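Work through the following exercises with the model open, and try each task before reading its solution.

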Amino acid sequence: MTERTEGSEGTERAGLLDFPGAAELIAAGDVAPPRPGAVAAAQAAVAFAAREGTRPVPRRRRLLVATAAVAAIAAGAVAYPVLDLGGKPAATASASAGRFLDDMAGVAAGAPASDAEYWKVRVETDNQDDGKRTFTTYYARSGEAGEVKKWPVGEEWLTWPQLDELPTDEKALAALFPKDAERRFEQIVIMLEDSPAGPKLRSALFRILADTPGIELIGDVEDSKGRPGVAVEMTRKARYSTGPGEDVTYWTKDRYVVDPDTGLLLENTHKIRGQSLPADRYTWLEVGPADKPADKLADGPADKRG
Amino acid sequence: MTPDERDGTPDERDGPGTGGAATDEELLARAGRDASAFEPLVRRHSDALHGYFARRAPGAADDLLAEAWLQAYSTRHGFDAARGPVRAWLFGVARNVLSAHWRRTERQRPGRLGDGRDDPWEAVDARLDAAAVAPRLCALLTELPEVERELLLLVAWEQLTPGEAAAVVGIPAGTARSRLHRARNRLRADAPLKLTGDLA
């Protein structure tokens, strides 16, 4: 750290720090500078929040979205948003959810593999702060130009080529994800949502979910676009900061609607129980291989307000 | 925001070096309507804020840094220059983020349930221990009222002026000064007799 106090302020500081042992105390404050990745992650988070507009976005969701979408530019691991892990009694996976997710593992395994150079994601988001918006993004397998998306696996964030190197054996793969059921669920669904994971990998992800406690099968539903699907839910305790030093604890129900014919995720909603906090919705309109990007390579979400 | 504004840093748009030349206060004022003006602040102050977290919550510093910047960004309209410089305001945000983190993780820390404290003194204490700060000084610091201790560490470690430290903690500058002097006097009072030096 550089010395910045000067003149009378510096003198004042020196005077206040004139006591026995002060030098040792000051030296005890020496810390290494942050890893470049840590600062880059903070910059990415702010840049993303700036792009999202000036209205406040729920902190947890914002962090999640920001880090997942633009962690690209951060080298190394990005800390995962903090979730409260202590408040929920251990639940076991409902047998029916397990069976459904196992079925989806079979469906995913039979989906066609792709060696396309690009991956297209078109998603509609809706929340009380930003309203309805649609983002279309192309990611390049080569990762050469523009933004490279990464997906969280444990403490790591992996690029598309790195996803292809993940083990597709359920046990070996599960060992890479967090042990905590809620964090595991959250990371796995992020990968299932919009990643270019191949059929074997998607299948293994569904099998891990089938063994993850706390997931409930809701059953047949329609998503907000009227597409039929099957919903599963995870309820968990989370915290949200409403202002400096003010935390609100709430229960959130994360619902995922899965297309039973393809194993693709259609929609995700967060419902918050007992608090007047914003709920949000992510609807994946199109996720899949593309031969070439429509106009330009993903250089950030090309958004339009709906 | 127009697509134009989304692309490029303020440095690129306003000519090289603008972000570097503008004061924190100018940047923050501009960030009210031009979000990209906020980014130079992140570059400028991340090292200091990360240090603040690394000293007080070493395991969570990276995460808290991102959280503090998001918090600062979303509350940037609440900055009031009358209460102190941007730098002090940012440390105030960091302090709140740390305090929230501390309470959030309380149940994970054994033996501290319900003692009602929300300052990360334990981490600091461990740091002093590891740095071989004299046990006598550690004990004296532990006995200081929380606010005095915090002011002192902000001055010693974050190199804030007493006025800035006051703004961080949210008390008037004059009060902070008198508390800091009181803290220093306590740290001196129990010192072994100095045979040389001033008698003031």
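**Exercise 1.** Locate Asp80(B) with respect to H6 and H7 of chain B, and decide whether Asp80(B) is buried, partly exposed or exposed.

*Solution.* Asp80(B) belongs to the loop between H6 and H7 of chain B, where helices (H or I, at least four residues) and strands (E, at least two) are DSSP runs numbered from the N terminus. Its relative accessibility is 31%, so Asp80(B) counts as partly exposed, given that buried means under 20% relative accessible area, exposed over 50% and partly exposed in between, with a 1.4 Å probe and protein chains only. A polar atom of the Asp80(B) side chain lies 2.9 Å from the backbone nitrogen of Ala82(B). The C-alpha atoms of Asp80(B) and Glu25(B) are 9.8 Å apart, although 55 residues separate the two along the chain.

This is a predicted model, in which local features need pLDDT of at least 70 and side-chain atom pairs count only at pLDDT 80 or more, while totals for chains, interfaces and linings use all residues. Residues are numbered from 1 along each chain as its sequence is written, chains are lettered from A and ligands numbered from 1 in the order in which they are written, and side-chain values use heavy atoms, with hydrogens and water left out.

**Exercise 2.** Describe how the axes of H4(B) and H7(B) cross, and list the residues that make the contact.

*Solution.* The axes of helix H4 (residues 24-31) of chain B and H7(B) come within 9 Å and cross at roughly 65°; these axes are lines fitted to C-alpha atoms, for helices over the stretch in contact, with angles running from 0 to 180 degrees between N-to-C directions. H4(B) is therefore roughly perpendicular to H7(B), since angles under 35 degrees count as roughly parallel, over 145 as roughly antiparallel, 65 to 115 as roughly perpendicular and the rest as oblique. Asp24(B), Glu25(B) and Leu28(B) of H4(B) make the contact with Val86(B), Arg87(B) and Trp89(B) of H7(B), contact meaning heavy atoms within 4.5 Å.

**Exercise 3.** Classify the aromatic pair of Trp119(A) and Trp160(A), and state which parts of chain A the pair ties together.

*Solution.* The structure holds nine aromatic pairs over all chains; rings of Phe, Tyr and Trp (its six-membered ring) pair if their centres lie within 6.5 Å, and planes under 30 degrees apart count as stacked, over 60 as edge-to-face and the rest as tilted. For Trp119(A) and Trp160(A), the values are 6.1 Å centre to centre and 70° between the planes, an edge-to-face pair. Trp119(A) lies in strand E1 (residues 118-127) and Trp160(A) in helix H6 (residues 160-163) of chain A, so the pair ties together parts 41 residues apart in sequence. Trp119(A) is buried at 11% relative accessible area, and Trp160(A) is buried at 4%.

Notes: Polar contact = N/O pair within 3.5 Å; in protein donor to acceptor, adjacent residues only side chain to side chain.
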